[in-house]
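User: Please look over the model shown below, and then take some questions on how one of its helices sits in the fold.

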Amino acid sequence: MGIYSSPGPWTCGGCAGSYGYEKQDAESYTKWGVDYLKYDWCSYGGVIDGLLDNDPNKVPSLAFEGGGDPDKGVKPFKLMGSLLKQQPRDIVYNLCQYGMGDVWKWGDEVSAQSWRTTNDITDTWSSVKNIALAQDKAAPFAKPGNRNDPDMLVVGVVGWGNPHQSRLKPDEQYLHMSLWSIFSAPLLIGCDLEKLDDFTLNLLTNDEVIAVNQDALGKQGVCLQTIGELRIYVKDLEDGSKAVAFANFGREKVTMSYKDFKKLGISGVQTVRDLWRQKDIAEINTDKKSLSLDIPAHGVAYYKFISLK
């Protein structure tokens, strides 16, 4: 069970936050059997600015800049982190302050396990693309128990007060899920589970895609090569294999014979496994042979390279 609160007096939805009641809240979460806390910045900007107001409609903007001191923005998250750590229960702690103050550099120090690296996602191609392209900077700080959070998955019937089928096209949804997998992101389901269609269910339950995301090495995949609008992301896995996402951010299909494997840290004879189809598609000597790619616009080819040395 998860719960939502804010270090400020009000949540983003105008409900009471934890400001001034942090200890009581942490103890209550333990009594209630809470497993996950999302702690959302929301009205804390007003605390920094000294503009504390009991009216949630008068909350100032969400920005560290309002207080002029990034340390003040760290303080409330450190307070709740220390209180959760004192509880006789493991509660996963997610910070949500939209990537301000380079949260990935200090999230671990305030006892958090994941932290938002971006503003809110929407079910549009531009939102998914812009968030995906901005994740590499946080990658060095990912490790077991520390996950950069590029926000929830926007597949299936999504809402925000207006439930509707995701506006992402099927290929865009494959790219979205593949990259969140290779980013080691928390795979937070953002859709109505009572309205799952077969396509969405298959997207969310591919065990090989999830296994890459959950790999025990805990690394985050990064872009190692860009060819036009094609970006190639690589993630090292605990068993020595590599997950590779050939992500086409362009408007045209990419058809090519790829052979630049050394740039991806791949050499020798490899089995190439298609993670979405869950089958081996080739066995090639990457030092001599190429791999045929046929990737639709806004689509992806998501493979695992397994060395046969």
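**A helix and its surroundings**

User: Which residue with a positive phi follows α5?
Analyst: Helices here are DSSP runs of H or I with at least four residues, and strands are E runs of at least two, numbered from the N terminus. This is a predicted model, in which local features need pLDDT of at least 70, side-chain atom pairs count only at pLDDT 80 or more, and totals for chains, interfaces and linings use all residues. Residues are numbered from 1 along each chain as its sequence is written, and side-chain values use heavy atoms, with hydrogens and water left out. The residue following α5, with a phi near 60 degrees, is S184.

User: How far apart are the end C-alpha atoms of helix α5?
Analyst: The expected span is 1.5 Å times one less than the number of residues. For the 13 residues of α5 (residues 170-182) that rule gives 18 Å, and the computed separation agrees, at 18 Å.

User: How many of the 13 residues of α5 are buried?
Analyst: Buried means under 20% relative accessible area, with a 1.4 Å probe and protein chains only. Among the buried residues are H176, M177 and W180, and their cover includes α4, α6 and β15, where contact means heavy atoms within 4.5 Å. The helix is therefore largely enclosed by the rest of the structure, the buried count being ten.

User: What share of the 309 residues in the protein is buried?
Analyst: The secondary structure comes to seven helices and 15 strands. Across the 309 residues, the buried share is 50%.
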